[in-house]
Amino acid sequence: MTIKWKKFNGEVVKEWHGDIEYHRDLYKGDHAKLFSRAKELIEKGEITDRLIKGPVNAQNVKTPYITANISKLIAEIPATLAARSIGEIKSSLPADELQNEKVNEKTDNAIDGPKSGVNSKITHTQTELIEQITKNSKLDFEHWSNIVMNQVDGGIVGVPVKDEDGVRIDFKMRDVYFPHEDGKGADLGFIRKLGEDLDEYFHVYRERIEKGHLRVTNILYSIDDSDELEQVEDSLALELLGIEELETKYTGRSHLLIHYWANEKTMLNPLGRSCLENQGSKQDDINWTLTRNGITFERNGKPRIAVSKEVMERLEQLAYERYGDESKIDHRDLELTTFDEKGKALEVIQIDISQIGDIQWVKDLMKTMLMETRTSEKAVDFYLAEGSGGSQSGVAKFYDLFVSLTKAEQILKEYVAFLKGLYEGALWLLEDDDEAVIIEEPEITVLDMVPVSRFEMVEKNNAEYAAGTASLETTVRRNNPYASEDWIENEITRIEEAKQMDNSTSLLRGRQTLLNLNDNRDANGNIASDEE
């Protein structure tokens, strides 16, 4: 059953996806506009909000609204661990000469490169197609942000796209995704400004499984002042969208090109939930406690001077004589004064502010937030001085970060499956009009999450190779995770050439030297003796 679009605005999005803007503001640190206690203090002028640069200045003190954004760390720590583990994305199939023979003009146009010369030859069609999809999608720059938005929003959308710029994978935030009730389709809805006057339209990209085939439809709606929708005629929709046809059928495809990745999906939350769910109240209390302490320090932290009545009268007299105003007391007049009958003239008064505050309560709230979101305290400690001292082995770091690692590993597993499905869809679009393309889910290399020294990494990988549990290619790739395909292939060739095999000559005369390579004869063809 498809969706009947009649109206679209923020309330429609909220009905489908909940208050995702709240979690986004929580992550970004825009807390002053979220929490009522902060808004009340800003309105009264007790604090200033430098985050949103409001027009109201503090009347009594100049204390800013203090934010310790633990919500940001909760989303970013697992994203950092998972994103750094994504390695090369390449074909799971070996180079196939038969596939190379099928390369045609469409294949050549799909892959960047010169039309002639040495670099124009396609040697591994499948891998080069996958590398091109990665380049078109700028995927190397998207892993971290994709995972962060999945954590903050509770889900993200990916869809392969084919246009005049080639095939790529587009990633969208979850608030454009609207699944069909029967599970056989989904809509992606976008507000777009189209035409010469840049009028607002609502563009629906729809995918639907019908009798074992995939049907893709583009629908365009105009929007009136009350957010009501009216479908635009097909001819105008084609012109505004700049496409040749509004509907496409992919015969034989029984699942969607659109992929949705839900965070912490359950039957209660089929579209996933934000990792910041129910953390707002604790974040509010952390900020409130720190800001309240800041106000207390500002009011009571500065030293005050108490003087006797006689000294005060003399200061006011001097101020009146000098400035015509008794309140304009010059501090220089306090540099020399007289004692009263008790031996006192002035006294400095200052409150011990080290005894003020609820920092332990703030720490307890932070621990609770980390515990509820499966975030290791040690992962946060790395940002602090006490967490960065001393070197640690990879094993020690693993146990320190165990809770965050188990969470990040689950995220990584889901993200890899998400990417593989999107690449399979992108290759399907290419294969639709090019027989040289093979539809597959590519191989995604997964690197270690825990950062270790290069020495530890190489020692571990070489030990596995020596034990026969890893191939030479795997070892070279692990030792050089950011090297190009060409470099890896050349390095493997160099290593194999450097391994000198034993043969009859080497067994009888030892390993080859410059002389025995020439059958132990000199440049004139004479037999070389040991004395020579």
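This is a short walk through one protein chain, from the overall make-up down to a few strands, helices and side chains.

Okay, before anything else: what you have in front of you is a predicted model. The chain has 532 residues, and 41% of them count as buried. In terms of secondary structure, there are 20 helices and 15 strands. If you take the contacts with a separation of 6 or more, 64% of them come from residues 24 or more positions apart.

Let's go to the core. Which residues touch the most other members of the largest nonpolar core? They are Ile147, Ile286 and Tyr415, in a set of 60 residues. Helix H15, residues 402-431, gives the largest share of this core, with 13 residues. As general background, nonpolar side chains in soluble globular proteins tend to be buried together.

Tyr415 is worth a click. Skip its neighbours within four places in sequence, and the contacts of Tyr415 are Ile86, Leu139, Glu142, His143, Asn146, Ile147 and Trp261. There's also a second, separate core of 20 residues, with Val176, Ala186, Leu188 and Leu257 among them.

Leu139 comes up again if you move to Thr134. That threonine is in helix H7, which covers residues 125-137. Is Thr134 buried or exposed? Its relative accessibility is 12%, and because the cut-off for buried is under 20%, Thr134 counts as buried. Again leaving out neighbours within four places, Thr134 is in contact with Leu139, Asp140 and Tyr423.

Now some helix packing. Helix H2, residues 20-28, packs on helix H8, residues 143-153, at about 125°, and the axes are 9 Å apart. With that angle, the two helices are oblique to each other. On the H2 side you'll find Ile20, His23, Arg24 and Tyr27, and they meet Trp144, Val148, Met149, Val152 and Asp153 of H8. Sort that contact by class and you get six nonpolar, one polar and two charged residues.

On to the strands. One open sheet has three of them, in the order S5-S4-S12, with antiparallel pairing. Strand S5 (166-173) and strand S12 (259-262) are at the edges with a single partner strand each, so each has one side without a neighbour in the sheet. From one strand to the next, the twist averages 20°. Zooming in, S4 takes in residues 155-163 and is joined to S5 by eight bridges. One place to look is Val157, which stands opposite Lys172 in S5.

Last stop is strand S7, residues 185-194. Seven of its 10 residues are buried, so S7 is largely enclosed by the rest of the structure. S7 has antiparallel pairings with two strands I'd like to show you. To strand S6, residues 177-179, there are three bridges, and Phe178 has Asp187 in S7 as its bridge partner. To strand S8, residues 199-210, there are 10 bridges, and here Lys193 stands opposite Glu200 in S8.

Both pairings are hairpins, and each has a glycine to check if you care about backbone torsions. What is phi at Gly183, in the hairpin of S6 and S7? Positive, near 75°, with five residues between the strands. In the hairpin of S7 and S8 there are four residues between the strands, and Gly195 in the turn has a positive phi of about 85°.

That's my tour, so over to you.

Methods:
Residues numbered from 1 in each chain as written. Predicted model: local features only at pLDDT ≥ 70, side-chain atom pairs only at ≥ 80, totals over all residues. Heavy atoms only, no water. Pairing = 2+ DSSP bridges. Axes fitted to C-alpha atoms, helices over the stretch in contact; angles between N-to-C directions. Core = buried A, V, L, I, M, F, W, Y, C linked by side-chain atoms within 4.5 Å. Buried < 20%, exposed > 50% of the residue type's maximum accessible area, 1.4 Å probe, protein only. Contact = heavy atoms within 4.5 Å. Parallel < 35°, antiparallel > 145°, perpendicular 65-115°, else oblique. Nonpolar A, V, L, I, M, F, W, Y, C, P; charged D, E, K, R; others polar.
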